[in-house]
Amino acid sequence: MAALNIIVTAKQVIDHEIPASALTIDATSTQVTAPSSFKPIVNGFDDYALEAALRLKEAGGATITVLSVGSQFDVNIMRKTLALGADRLILCQDPAFANLADSFTTARIIAAAIHKVGEFDLVLCGRQASDWDNAQVPLVLAELLDLPCITLAQKIEVSDGKVTVEQVVLDGYRVAEAGLPALITVTNELGQPRYPALRNIMAANRKRPTTWTAQDLDLDPAMLTPQLEVVEVAFPSKAQACEIIEGEDGGEVGRRLAQVLHEAGLI
Amino acid sequence: MAGILVIGEVHDGHLAPPTREALAMGRSLAATSGASVAVALIGSELGASAQEAIAAGADQAYTVADALLAQPQIDLYLAAHQAVCAAATPDIVLLSRTDFGRELAPRLACRLGVSLLQDCLQLETEAASGRLIATRPVYGGNVLAKMRSAGTPQVAALRPKVRDPLEPDASRQGEVTPVAVALDAAMAKVTIVRQEIRAGDGVKLEDASIVVAGGRGLGGPAPFTELEELAGLLGAGIGASRAAVDAGWVPANWQIGLTGRTVTPDLYLTVGISGASQHMAGCSNAKVIVAINKDREANIFRESRYGVVGDWETVLPGLIQGIRDLK
């Protein structure tokens, strides 16, 4: 079988492991920001999509193109995808791509970039991004490209021009099949993504990503006007105080906790 | 008449609970605008669902019943819902962010030419513009965003279990309107080959009024046996944090959090869970959270109503004994 052409979408986001207390909200109350001491990361969910692509590459050969959309990139962060084994990194970068809280717009930009890439067999996406948690771009992208769409893959196999996917459902999985090309979202049940080897990181540092602007993608500015507007972002109010149950030793505290929960009508 | 259309879900001939919640949300929006509330019911066996939807707040039920809809074939469901939307011409479309809704909502919105207001906790009508303002959690629930859509229709997916359904009122009247859609098996771009479902052991997490969950602080798989004993005593569901799942101590379907399951029990009792933001995303709507953790500085205490700072190895046997003494 000929080697596959796989496109993996990846987003640069604020590190989801940073403490919530380090997040700040900008003066316009519409953007969440993190102090510059915290480096951004490639969206953790997209790591699974790339891992799935790398496993397919190992299994039968593939050319992997990583595609990202944003207004500003930390290129060294995005190069991690090359260090892991992606063959090509395309950054769709334009000031017009700032503050993409509207998944529909983002999906249109990615669809334009995929058209420009040309031939492909699979588009693999993370199930959602850890910043805006929209979980929409892959599904809208499948609609815009008119592709079969299978969500939440824990295992992907390709043979005879079709893709077979174990799709996670409540309390189990479903086996689903589709012809190529197809779009698949990948979930964490796939298993731990690999880490890049040091020598690959150094080799990746010498590679230059391809950069495409809105003009390169022939995107009509009117199409980039988002339908969704962020009216306000705010931290939720945490009014409640935690009542700490105390006692002589753990056993006593445990028994007291049972009493307290019983008196509160909870057990 | 243009109005509000709730995209319903029907399970075994009955209206799914999240659809009742969406109907309640539709009714409160209609109270401001005077709009009508319709429901779209689609499936192979619709049973009593139309009457149930009317009793739960719908003024009208659009139905598509077709044997081809027996399988959860998203492409066919999309075509049917699209046809209902074309018949109903709603200003507002409400969906539920259930497992099926997660897949359906963004794609249906796209077919209607608009962006989706995703995972909404609250919807209000803005007095000045008459548009919806959606409140939704972002950054793993650490930030709340208010969003407004300029599209028509305005399409919103509601997080389940955030809103109470209305008390069913069997005296409510409504029209049932079948919609003709030419569905064809060839519309399905994906073939469902088979399904492997593990037999559900114990209480279903999403329905449990008490959930007990363990995390990294338990240190290994063995302590989960003790946690299961506690869950058994309380009639509780049992879950775990991502750390415990990633370590291989418990099955993946126990995971509660951003990438796992979302629970909304009255009591969420955590043992050895630090309360990272991605975990809290799956349980922050629990009525009362209890933390048992060694580290007083752990984030879980900021989220909890009651806390025990201590070692689970001594606290848990005490708690179990205390509960036995109560019975």
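These are my notebook entries on two helices of a predicted model.

**Setup.** I number residues from 1 along each chain as its sequence is written, with chains lettered from A and ligands numbered from 1 in the order in which they are written. Since the model is predicted, local features need pLDDT of at least 70 and side-chain atom pairs count only at pLDDT 80 or more, while totals for chains, interfaces and linings use all residues.

**Confidence.** I looked up the scores: ipTM is 0.91 and pTM is 0.88. Chain B has a mean pLDDT of 93 (predictor's confidence in each residue, from 0 to 100), and 98% of its residues reach 70 or more.

**H1(A).** I checked the length of this helix (a DSSP run of H or I, at least four residues, numbered from the N terminus). H1 of chain A covers residues 44–60. Its 17 residues should span 24 Å (1.5 Å times one less than the number of residues), and the end C-alpha atoms are 25 Å apart, which agrees. I then looked at burial (buried: 20 or more other C-beta atoms within 10 Å of the residue's own, with C-beta atoms placed from the backbone). In H1(A), 12 of the 17 residues are buried, so the helix is largely enclosed by the rest of the structure. Among them are Phe45(A), Tyr48(A) and Leu56(A). Just after H1(A), Gly61(A) has a positive phi of about 90 degrees.

**H4(B).** I found a bend of about 25 degrees at Ala105(B) in H4 of chain B, residues 99–111. The bend is the angle between axes fitted to the seven residues ending there and the seven starting there. Pro106(B) follows within four residues. Ala105(B) and Pro106(B) are both buried. In H4(B), 10 of the 13 residues are buried, so this helix is largely enclosed by the rest of the structure. Gly113(B), just after H4(B), takes a positive phi of about 80 degrees.

Notes. Helices (H or I, at least four residues) and strands (E, at least two) are DSSP runs, numbered from the N terminus.
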